[in-house]
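Hello,

Here is the structure I said I would pass on. My notes on it follow below, grouped by topic.

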Amino acid sequence: MANIVMFCILAFVILGSAILCVTTKRIMRAATFLLFVLFGVAGVYFLLDYTFLGTAQVAVYAGGVTMLYIFAIQLVSKQTLQGFQERLKGSRVITGALAALAGLAVVVFVLLKHQFINRFTEMADSEVPMEQIGMALVGSEKYQYVLPFEFISLFLLACIIGGIMIARKEDRQ
């Protein structure tokens, strides 16, 4: 019972912070709400007794990636951020809501078609060994994730370099 209550609290924090992250007009607040989302996901990992994944979530994502975002935001000139106000048009909100509903429909269709829910309930009683999870995360063979992690790190590096280049161009003008 305590696990269900804790999960509901974490789900509320994650969903609330995610909604606030994408709806706030201040970029530093968005980065802070993103940090809360990442900490909430780490809490879910700890709740599932996956301490390695929870620690990695806190260290890599909540610590590293969020700090990279904040440093990239700080590199952009303050003149650019002070006048930054994006107006929401009704048509853009409706288009975004329709796109979100279409994405939800695709996810539900895939879940029902491939019977992931039935497989999950069958596998809920068995436990996956931590060695198998670790090999899947750091392995380089088929269905292992070290290459996607490396590509994501290169992508983040390219984004930060692009932000620096944009900030320098605006300072010269």
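**Overall make-up**

The protein chain contains eight helices and zero strands. Please keep in mind that this is a predicted model. Read from the N terminus, the elements of the protein chain follow the order α-α-α-α-α-α-α-α.

Of the 173 residues in the protein chain, 17% are buried. The accessible surface of the protein chain is about 13,700 Å², and carbon and sulfur atoms account for 70% of that surface. I also looked at how far along the sequence the contacts reach. Among contacts in the protein chain with a separation of 6 or more, 52% are between residues 24 or more positions apart.

**How helices pack**

Two packed helices are described by the angle between their axes and the distance between the axes. I have two such pairs to report.

The first pair is helix α2, residues 27–47, with α3. Their axes are 8 Å apart and make an angle of about 175 degrees. How do α2 and α3 run relative to each other? An angle over 145 degrees counts as roughly antiparallel, and α2 and α3 are therefore roughly antiparallel to each other. The contact of α2 with α3 involves 18 nonpolar and six polar residues, with no charged ones.

The second pair is helix α3, residues 51–75, with helix α7, residues 130–138. Here the angle is about 35 degrees and the axes are 10 Å apart. On the α3 side the residues are Thr51, Phe52 and Leu53, and they meet Met130, Ile133 and Leu137 of α7. By class, the contact of α3 with α7 has five nonpolar residues, one polar and no charged.

**The loop between α2 and α3**

Asp49 sits in the loop between α2 and α3. Most residues other than glycine have a negative phi. Asp49 is not glycine, yet its phi is positive, near 65 degrees. Is Asp49 buried or exposed? Its relative accessible area is 62%. Since the cut-off for exposed is over 50%, Asp49 counts as exposed.

**Residues of helix α1**

Helix α1 covers residues 2–23. I picked out Ile9, Leu10 and Ser17 from this helix.

Ile9 lies in helix α1 and is partly exposed, because its relative accessibility is 45%. Along the chain, Ile9 and Gly40 are 31 residues apart, and their C-alpha atoms are separated by 9.2 Å.

Leu10 is also in helix α1. Its relative accessible area is 12%, so Leu10 is buried. Which residues does Leu10 touch, leaving out those up to four places away in sequence? They are Gly40, Gly43, Val44 and Leu47. For Leu10 and Val37, which are 27 residues apart along the chain, the C-alpha atoms are separated by 9.1 Å.

Ser17 is another residue of helix α1. With a relative accessible area of 8%, Ser17 is buried. Not counting residues up to four places away in sequence, Ser17 touches Phe33, Phe36 and Val37.

**The aromatic pair**

Two of the residues that Ser17 touches, Phe33 and Phe36, come up again here. How many aromatic pairs does a search of the whole structure find? The search finds one. The pair consists of Phe33 and Phe36, whose ring centres are 6.4 Å apart. Their planes are at 55 degrees, so the pair is tilted. Angles over 60 degrees would count as edge-to-face, and those under 30 as stacked.

Both residues are in helix α2. Because Phe33 and Phe36 are three residues apart in that helix, about one helical turn separates them. Phe36 has a relative accessibility of 40%, so it counts as partly exposed.

Regards

Terms used
Residues numbered from 1 in each chain as written. Predicted model: local features only at pLDDT ≥ 70, side-chain atom pairs only at ≥ 80, totals over all residues. Heavy atoms only, no water. Axes fitted to C-alpha atoms, helices over the stretch in contact; angles between N-to-C directions. Helix = DSSP H or I, 4+ residues; strand = E, 2+ residues; numbered from the N terminus. Contact = heavy atoms within 4.5 Å. Nonpolar A, V, L, I, M, F, W, Y, C, P; charged D, E, K, R; others polar. Parallel < 35°, antiparallel > 145°, perpendicular 65-115°, else oblique. Buried < 20%, exposed > 50% of the residue type's maximum accessible area, 1.4 Å probe, protein only. Phe/Tyr/Trp six-rings, centres within 6.5 Å; stacked < 30°, edge-to-face > 60°. Areas by Shrake-Rupley, 256 points an atom, 1.4 Å probe, with all protein chains shown as cover.
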